Amino acid sequence: MSERTLVLVKPDGVERGLVGEVLSRIERKGLKLAALELKNVDDELAGQHYAEHADKPFFGSLVEFITSGSVVAAIVEGENAVAAFRQIAGGTHPVEKAAPGSIRGDYGLEVQYNLVHGSDSAESAEREIKLWFPDR
Ligand code: RTP
Ligand code: MG
């Protein structure tokens with residue numbers, strides 16, 4: 001079923017000039033870009049976006065990192081878009097979990113600097129899209 005997912009190119013990906021590479025992989029997979037914006041993230045948006053991790057020991061550094069530079073936010077659409085993007089992103093840890101050939105597996109070394117975010121379910125996607133693109 002066609003669905004939407006929220007994709008972020010995190011500050012490390014933007015800083016390293018990997019926005020085009022990420023968008024290109026999304027398009028080559030057959031997914032569609034339905035919205036695209038370069039954003040600076042404040043503490044409030046970061047806290048809402050990562051609310052599920054509020055009690056984790058890495059929450060503070062996660063919020064600090066996501067607010068440290070520009071982020072590219074996209075609504076990505078297509079069949080199984082949530083799972084499809086998580087497949088091309090690779091597992092959370094770029095070395096221990098992500099396979100070569102995935103974005104994280106090809107470009108990342110450390111869990112915090114794992115380049116991209118993708119919603120983990122269709123429900124999360126709709127919640128996150130409301131935060132990042134309130135009029136979509
Ligand atoms: P994301 O939400 O960014 O798409 O990543 P994910 O689903 O693969 O991973 P999740 O468990 O939701 O974690 C969110 C982000 O927190 C950072 N993290 N750091 N220091 C640590 O042990 C740790 N664990 C997770 C990662 O940047 C991860 O993407
Ligand atoms: Mg997640």
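## Exercises on a four-strand sheet and a ligand shell

UniProt, in an unreviewed entry, places the feature "domain: Nucleoside diphosphate kinase-like" at residues 2-136; such positions are given in the numbering used here, feature names are shortened, and annotations may be inferred rather than shown by experiment. This is a predicted model, where local features need pLDDT of at least 70, side-chain atom pairs count only at pLDDT 80 or more, and totals for chains, interfaces and linings use all residues. Residues are numbered from 1 along each chain as its sequence is written, while chains are lettered from A and ligands numbered from 1 in the order in which they are written.

**Exercise 1.** Work out how the strands are ordered in the sheet.

*Solution.* Start with the terms: helices (H or I, at least four residues) and strands (E, at least two) are DSSP runs, numbered from the N terminus. Two strands pair if DSSP finds at least two bridges between them. Now read across: 4 strands make an open, antiparallel sheet in the order β2-β3-β1-β4. At the edges sit β2 (32-39) and β4 (116-118), each pairing on one side only.

**Exercise 2.** Count the bridges along the sheet, starting from β2 and β3.

*Solution.* Step one: β2 pairs with β3 (residues 71-79) over 7 bridges, and Lys 39 has Val 71 of β3 as its bridge partner. Step two: β1 and β3 share 8 bridges; here Arg 4 partners Glu 77. Step three: β1 and β4 are joined by 3 bridges, with Val 9 facing its bridge partner Val 116.

**Exercise 3.** Find out why β1 is largely enclosed.

*Solution.* Call a residue buried if 20 or more other C-beta atoms lie within 10 Å of its own, exposed if 12 or fewer, and partly exposed in between, with C-beta atoms placed from the backbone. Then check the strand: 6 of the 8 residues of β1 are buried, so the rest of the structure largely encloses it.

**Exercise 4.** List what surrounds ligand 1, then sort it by type.

*Solution.* A residue is near the ligand if its C-beta atom, placed from the backbone, lies within 6 Å of it. That gives His 53, Phe 58, Leu 62, Thr 92, Val 111, Gln 112, Asn 114, His 117, Gly 118 and Asp 120. Next, sort them: Ala, Val, Leu, Ile, Met, Phe, Trp, Tyr, Cys and Pro count as nonpolar, Asp, Glu, Lys and Arg as charged, and the others, Gly among them, as polar. You end up with 3 nonpolar, 6 polar and 1 charged.
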